[in-house]
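These are my notes from a session with one model, written down in the order in which I looked things up. I began with a helix pair and widened the view afterwards.

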Amino acid sequence: MSYHWHWGVFLEQAARNRTYLDWLCSGAWITLALGLVSWTIALGLGTVLGVLRTLPSRFWSGLAVGYVDLFRSVPLLVQLFIWYFVLPELLPHGDTIKQLPPWLQQAGAAVLCLGTFTAARVCEQVRSGIAALPRDLENAGLALGLTRAETYRHVLLPVSFRLLVPPLTSELLNVFKNSAVASTIGLLDLAAQGRQLLDYTAQPYESFIAVTLLYLAINVAVMLLMRWVEQRWRIPGYIGGK
Amino acid sequence: MAYPFDFSSLDRRNLEILGEGMALSLEITGVAVVIGIGWGTLLATMRLSSRRPLRWLAAGYVNLFRAIPLVMVLLWFFLVVPRLLQRTLHLPADTDLRLVSALVAFSLFEAAYYSEIIRAGIQAVPKGQLAASLALGMTYGQSMRLVILPQALRHMLPLLLTQAIVLFQDTSLVYVSALADFFGQAYGIGERDGRIVELLLFAGATYLVMCVIASRMVQRLARRVGR
């Protein structure tokens, strides 16, 4: 088999004043931005849901259970298409949404989709983190005269988050991996740039190896960052804290 | 203004097409679960092996597949690997390799995830069990097969099944290769009839009902196995 390797292809002109390498980099930035914004939504919403899930009220915990069931039982791709194609049709101001620039519609749908999807998973992690704490912590907080909200805010959440760094790290890695789905609605993220590179350069191996390596690089960078966070935050005396 | 829903696209004929799509989704899921668990068990035992090269090889495989998005893995298998196969095997240009590529891609990808579940399951069996089997005169292979793996399997069965549900949902990603699975068919019909909203909601509801029922069953099983 003779495949003509040509790594110099990335330095060739793709369009006016832009090389294929520029395409690759812009894809990587979009993937990073998409992942980080979605993660912010997921962490915020997921924490709220996780707290609701641990409240004694049947209503609130049931609401969180329903949310998790819904968002974990529909494939991510279907959720994305519903955000992108269906919601603008059903919302009262859908026409205003449809007049936005296409990239904004795509990015908005992708961020909301990834954020709400990941929130369901963050919720389960936060719930199990809070449930794993000794019951005395909550009782002590309440006995000291803190309200339930204050107990969560000052006692339960700070302690459980420091223990939750490793599982949340893997959810963060998942966000970046799942973000590749956004390429299906036309967002030019890393995966989409890979396809585009393949079509334009006809060098499938160079294009795909480069994209795969960039995903690996994002993965490794996130892991190193989170390892540093974990070391700073670990609680002495716990098993995870060695 | 309320959206004028019109579900007339879901007639007998289209439901049949959707049924065929669902059969394809389930076929991909089934094959990937079986091969994934088989290859995953092998990978897990390699990772727990005392031979360093085997351990590194399995760890490298698992970490690589777990670090790349499934979409990328599928694109590799749809866009790059078939060209390679076609060139090396001199296949006629019209051979449809998409289904084969999908089956191979999902099996190899899922094996990485299954192997982690299985490795954790094996490690959760108390060490004394292996020592006892060896003391009874069993070989390492016998004690694995007759003592360790049956116990490990019992513990990890719920996790393996949950992973199968996740995999079933992930098969919708064959959309990137235009392979007509359940989701692909639903989207295709919706686009053709101008009824994307109805068809996407129908597809979502179908997945929702199937997966919620399946995970409730897994939960019940987990409670039984847990004791």
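I first listed the residues through which helix 5 and helix 8 of chain A meet: A:Leu114, A:Thr118, A:Arg121, A:Val122 and A:Gln125 on helix 5 of chain A, facing A:Pro167, A:Leu168, A:Glu171, A:Asn174, A:Val175 and A:Asn178 on helix 8 of chain A. Sorted by class, this contact holds 5 nonpolar, 4 polar and 2 charged residues. I noted that the model is predicted, and that side-chain atom pairs count only at pLDDT 80 or more.

For the geometry of the pair, I looked up the axes of helix 5 (residues 102-131) and helix 8 of chain A, which come within 11 Å and cross at roughly 165°. Because angles over 145 degrees count as roughly antiparallel, helix 5 of chain A and helix 8 of chain A are roughly antiparallel to each other. I entered the crossing of helix 5 and helix 8 of chain A as right-handed.

I then turned to the other partner of helix 8 of chain A on my list, helix 10 of chain A, and found that their axes come within 10 Å and cross at roughly 160°. That angle makes helix 8 of chain A roughly antiparallel to helix 10 of chain A, and the crossing is right-handed. On helix 8 of chain A the contact is made by A:Val165, A:Pro166, A:Thr169, A:Leu172, A:Leu173 and A:Phe176, while helix 10 of chain A contributes A:Ile218, A:Asn219, A:Val222, A:Met223, A:Met226, A:Val229, A:Glu230 and A:Trp233. The class count for this contact of helix 8 with helix 10 of chain A is 11 nonpolar, 2 polar and 1 charged residues.

Next I asked myself how many residues of chain A are in contact with chain B. The count came to 32 residues of chain A against 31 residues of chain B. Helix 8 (165-178) and helix 10 (204-233) of chain A return here, since each supplies at least two residues of the side of chain A that touches chain B, as do helix 2 (58-73), helix 3 (76-90) and helix 9 (190-201) of chain A. That side of chain A has 21 nonpolar, 7 polar and 4 charged residues.

From the side of chain B, I followed one residue, B:Ala67, which lies in helix 2 (residues 52-67) of chain B. Leaving out residues up to four places away in sequence, I found that B:Ala67 touches A:Tyr215, A:Leu216 and A:Asn219. A:Asn219 had already appeared among the residues of helix 10 of chain A that meet helix 8 of chain A. Is B:Ala67 buried or exposed? B:Ala67 is buried, because 20 other C-beta atoms lie within 10 Å, and 20 or more is the cut-off for a buried residue. I also recorded a separation of 31 Å between the C-alpha atoms of B:Ala67 and B:Leu221, which are 154 residues apart along the chain.

Last, I set down the chains as wholes. Chain A has 10 helices and 2 strands, and its order from the N terminus is β-β-α-α-α-α-α-α-α-α-α-α; chain B comes to 8 helices and 0 strands. The C-alpha trace of chain A spans about 70 × 50 × 35 Å along its principal axes, and the C-alpha atoms of chain B fill a box of roughly 75 × 50 × 30 Å. Buried residues make up 39% of the 242 residues in chain A, and 37% of the 227 residues of chain B count as buried.

Notes
Residues are numbered from 1 along each chain as its sequence is written. Chains are lettered from A and ligands numbered from 1 in the order in which they are written. Two residues are in contact if their C-beta atoms, placed from the backbone, lie within 7 Å. Helices (H or I, at least four residues) and strands (E, at least two) are DSSP runs, numbered from the N terminus. Ala, Val, Leu, Ile, Met, Phe, Trp, Tyr, Cys and Pro count as nonpolar, Asp, Glu, Lys and Arg as charged, and the others, Gly among them, as polar. A residue is buried if 20 or more other C-beta atoms lie within 10 Å of its own, exposed if 12 or fewer, and partly exposed in between; C-beta atoms are placed from the backbone. Axes are lines fitted to C-alpha atoms, for helices over the stretch in contact, and angles run from 0 to 180 degrees between N-to-C directions. Angles under 35 degrees count as roughly parallel, over 145 as roughly antiparallel, 65 to 115 as roughly perpendicular and the rest as oblique. A crossing is left-handed if the near helix is turned anticlockwise from the far one by less than a right angle, and right-handed if clockwise.
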